[in-house]
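Please walk through this model with me, beginning with the order of its elements and ending with the residues packed inside.

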Amino acid sequence: MSHQTGISASRELLDLFSKSKGGSVRLIQVLITDELLVPGIQAPPQGSWEDDYDIMVLPLLSRQPCYLLYRLDSRNNQGLQWILIAWTPESCTVRGPSARSCPASPFPSSPLPPPKQTPLQDRPSSSYAPRNV
């Protein structure tokens, strides 16, 4: 398991994902440490997902950049349903958010050509309209 940036999941995180398939885990916090995805805080379900959300998720949103995987109580044909939250606080350094962002590369199988890039100075602003005088 590897992210587009080359960041891999640690063995501990992969083991936690396997363990969570049975429903014994409600929340998994995933951190990026030394170019590796590692598990942070994990929590078992206490009540319904609505009751657990404020108690488990909101306190983690003020700390550090992370991914949060939060399990709902519902199932579909693939199993338990999860929500992915990618959290980057505004106080984070530039290196932190850039490690979590996906590179904007065109997909090789895309039938459309990449968009034409024009310098900013060649683009008219929304408040300026050139006139023929």
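**From chain pattern to core**

Read along the sequence, the protein chain runs through the pattern β-α-β-β-α-β-β-α, which amounts to 3 helices and 5 strands. The model is a predicted one, and the description that follows should be read with that in mind.

The 5 strands come together in an open sheet whose order is 1-3-2-4-5, with mixed pairing. Strand 1 (8–9) and strand 5 (79–87) stand at the edges, and because each has a single partner strand, one side of each is left without a neighbour in the sheet.

Within this sheet, strand 2 (residues 27–33) and strand 3 (residues 36–43) pair in the antiparallel sense over 6 bridges, and Leu27 has Ala43 of strand 3 as its bridge partner. Strand 4 and strand 5 also run antiparallel, joined by 8 bridges; a hairpin connects the two strands through 2 residues, and Arg75 finds its bridge partner in Leu80 of strand 5.

Two of the helices can be placed against these strands. Helix 1 (residues 11–20) lies across strand 1, strand 2, strand 3, strand 4 (66–76) and strand 5, and it runs at about 45° to strand 3. Helix 2 (residues 49–56) likewise packs on the sheet, where it touches strand 2, strand 3, strand 4 and strand 5, and its direction makes about 170° with that of strand 4.

The loop between strand 2 and strand 3 deserves a closer look at its backbone. Most residues other than glycine have a negative phi. Asp34, located in the loop between strand 2 and strand 3, nevertheless has a positive phi of about 50° although it is not a glycine. Glu35 belongs to the loop between strand 2 and strand 3 as well, and its phi, near 60°, is again a positive value in a residue other than glycine. As for their surroundings, Asp34 has a relative accessibility of 73% and therefore counts as exposed, the threshold for that class being over 50%, while Glu35, with a relative accessible area of 39%, is partly exposed.

What, then, lies on the inside? In soluble globular proteins, nonpolar side chains tend to be buried together. In this model, the largest nonpolar core has 13 residues, of which Leu27, Met56, Val57, Leu68 and Tyr70 touch the most other members. Strand 2, strand 3 and strand 4 are the elements that give two or more residues to this core, and the largest share, 4 residues, comes from strand 4.

Leu68 illustrates how such a residue is surrounded: leaving aside its neighbours within four places in sequence, Leu68 is in contact with Leu27, Ile28, Gln29, Val57, Leu60, Leu61, Ile83, Leu84 and Ile85. Apart from the largest core there is a second, separate core of 10 residues, among them Ile7, Leu13, Leu37 and Leu69.

Some totals for the whole chain complete the picture. Of the 133 residues of the protein chain, 29% count as buried, and its accessible surface comes to about 9700 Å², with 56% of that area belonging to carbon and sulfur atoms. Among contacts between residues at least 6 apart in sequence, 48% join residues at least 24 apart.

Notes:
Residues numbered from 1 in each chain as written. Predicted model: local features only at pLDDT ≥ 70, side-chain atom pairs only at ≥ 80, totals over all residues. Heavy atoms only, no water. Pairing = 2+ DSSP bridges. Contact = heavy atoms within 4.5 Å. Axes fitted to C-alpha atoms, helices over the stretch in contact; angles between N-to-C directions. Buried < 20%, exposed > 50% of the residue type's maximum accessible area, 1.4 Å probe, protein only. Areas by Shrake-Rupley, 256 points an atom, 1.4 Å probe, with all protein chains shown as cover. Core = buried A, V, L, I, M, F, W, Y, C linked by side-chain atoms within 4.5 Å.
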